[in-house]
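Q: Could you pick one part of this structure and take me through it slowly, then show me how the rest of the fold sits around it? I'm happy with plain bench talk.

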Amino acid sequence: MGSGRVRRAVAAGLVALVLGVGLWQGLLAQEETTYTVQPGDTLAGIADRLGVEMEALAAANGIQDVDRIYVGQVLVIPGRELGLATVRARPGESLEALARRVGVEPPQLAVLNGLSETARLFPGQPVRLPAGISPPSAPGFGAVTRVEVPARLVQGHTGRIVLAARRPLSLTVTWNGLPVPVYGGRPPSSSEWIYRGFLPVPALLAPGAYPVTVAYTATGGVSLVRGFSVRVVEGVYEAQRIMLPPDRSTLLDSQILADELARLRAAWSRADTPAQWQGPFRMPMDADYPTTSAYGTRRSYNGGPFTSYHAGQDFAVPAGVTITAPADGIVALAEPLQVRGNAVMLDHGRGVFTGYWHLAEALVQAGQAVKAGDPIGVVGNTGLSTGPHLHWELRIYGIAVDPMQFVDEPLFPPLPGP
Ligand SMILES: [Zn+2]
């Protein structure tokens, strides 16, 4: 680290102490969230100078062989993805409105920027964001011209990543270590290729900042990587204690649960089917029925601890009511399961699946194509269920997220291309 950089870091640290808002780490990280490999560098030497573990540096950048790094390779520095970013005010926007837009508490943003909460901002005025908050749109790198990630996501909700590129690229995207299969093409009126993927947040993921990485191999075999950060904030979820009748308690046997989950995981893990949806999802039944257990409810069975959450939304639908497909799809599974009872699962494409459990019967067969509104099953009380109801579940890349989000808002419009 050069002496100029050290001086800047020290000065930044003093500012953080004076502000007293514990932003030392964020200020240190400013402009140093990545490192570009120089001639003569070794991974061990870089790790040493940056003060990080070499193994962590290798892992953060997907490096298998520590002897194989390239001059010009951009490395994400682990633990420093959380640089202080700035966002520019829109015309007429107050500090309070901007804070709400980027998901930060207005008083926190006011203190950080030395402004009052009610301050009017001039259009384009840069406003600093706390560590861990990325601006909604970040500048690109290399042939990637733009990267859009949300500043914050609520537990159990699904965010989106949008990337624009000058030419077709084979992009590798990860979200908190989870591979995100982005897909895209060139829209008719655009000179750029647009790629999109989902950022599903598990309902029990601890609040905090989580990394998104975007990488591709540029001409000459140079690997380019950029890191972004998304803050996960707490969702509002209830807790529910469930007592099961003795004859059904045996179904909680961990081997039965594990086997069934493995069967489902095999079905819902693919993400290569083309996008089948058109707009927002419909509700899977044609009348309003009350919700008896919302998605994300923390659950305890037979007096046990609250270690699991409700992966779907339960509706008090009487037995015998026909349920329908919320969007176009292909039947990925239609069979009796021990815990979930008679089950139907639809593949809506690009890693988006919906599940319907505890049915009296399935009205479709695996492999069949269905249109939005087509009958797919009949409500019942099969499997691990305490009464007739519909359990509706939505999985993205295998992660159970709030299905109601996609009734209220559309998924991405389908794109041309692969
Ligand atoms: Zn349920």
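A: One term first: a strand here is a DSSP run of E with at least two residues, and strands are numbered from the N terminus. Keep in mind that this is a predicted model.

With that term in hand, start at serine 223, which belongs to strand S14, residues 223-233. Set aside the neighbours within four places in sequence, and serine 223 is in contact with Gln73, Val74, Tyr216 and Thr217. Leucine 75 is worth a look too: serine 223 and leucine 75 are 148 residues apart in sequence, yet their C-alpha atoms are 9.0 Å apart in space. That sort of long reach fits the overall count, since 67% of the contacts between residues at least 6 apart in sequence join residues at least 24 apart.

Now move to proline 200, which sits in strand S12, residues 193-200. Proline 200 counts as buried because its relative accessibility is 1%, and the cut-off for buried is under 20%. What does proline 200 touch, not counting residues up to four places away in sequence? The list is His157, Thr158, Trp175, Leu178, Ile396, Tyr397, Ile399 and Val401. Glycine 159 is 41 residues away along the chain from proline 200, with 6.2 Å between the two C-alpha atoms.

Trp175 leads us from proline 200 to the largest nonpolar core. That core has 60 residues, and Trp175 is among the members that touch the most others, along with Ile161, Leu163, Leu171 and Leu390. The core lies between domain 1 (129-235) and domain 2 (239-408), because both domains give residues to it. As a general rule, nonpolar side chains tend to be buried together in soluble globular proteins.

Next, the small sheet, which opens with strand S15. Three strands make up this open sheet, in the order S15-S17-S18, with mixed pairing. S15 and S18 are the edge strands, each pairing on one side only. S15 (residues 239-242) pairs with S17 (residues 298-301) in the parallel sense over four bridges. Within that pairing, alanine 239 stands opposite arginine 298, and isoleucine 242 has tyrosine 301 as its bridge partner. On the other side, S17 and S18 (residues 308-309) run antiparallel and are joined by two bridges, with arginine 299 opposite serine 308. S17 and S18 form a hairpin with six residues between them, and asparagine 302 in the turn has a positive phi of about 50°.

For a helix to set beside the strands, try H5, residues 95-102. Its buried residues are Leu95, Leu98, Ala99 and Val102. They line one face of H5, because they fall within an arc of 105° when you look down the helix axis. The cover over the buried residues of H5 includes strands S3 (86-88), S4 (126-128) and S7 (152-154), plus helix H6 (106-113).

Finally, step back to the whole protein. The protein has nine helices and 27 strands. Buried residues account for 49% of its 418 residues. About 19,100 Å² of the protein is exposed, with carbon and sulfur atoms supplying 54% of that area.

Methods: Residues numbered from 1 in each chain as written. Predicted model: local features only at pLDDT ≥ 70, side-chain atom pairs only at ≥ 80, totals over all residues. Heavy atoms only, no water. Buried < 20%, exposed > 50% of the residue type's maximum accessible area, 1.4 Å probe, protein only. Contact = heavy atoms within 4.5 Å. Areas by Shrake-Rupley, 256 points an atom, 1.4 Å probe, with all protein chains shown as cover. Core = buried A, V, L, I, M, F, W, Y, C linked by side-chain atoms within 4.5 Å. Domains from an automatic or database assignment. Arc of directions from axis to C-beta. Pairing = 2+ DSSP bridges.
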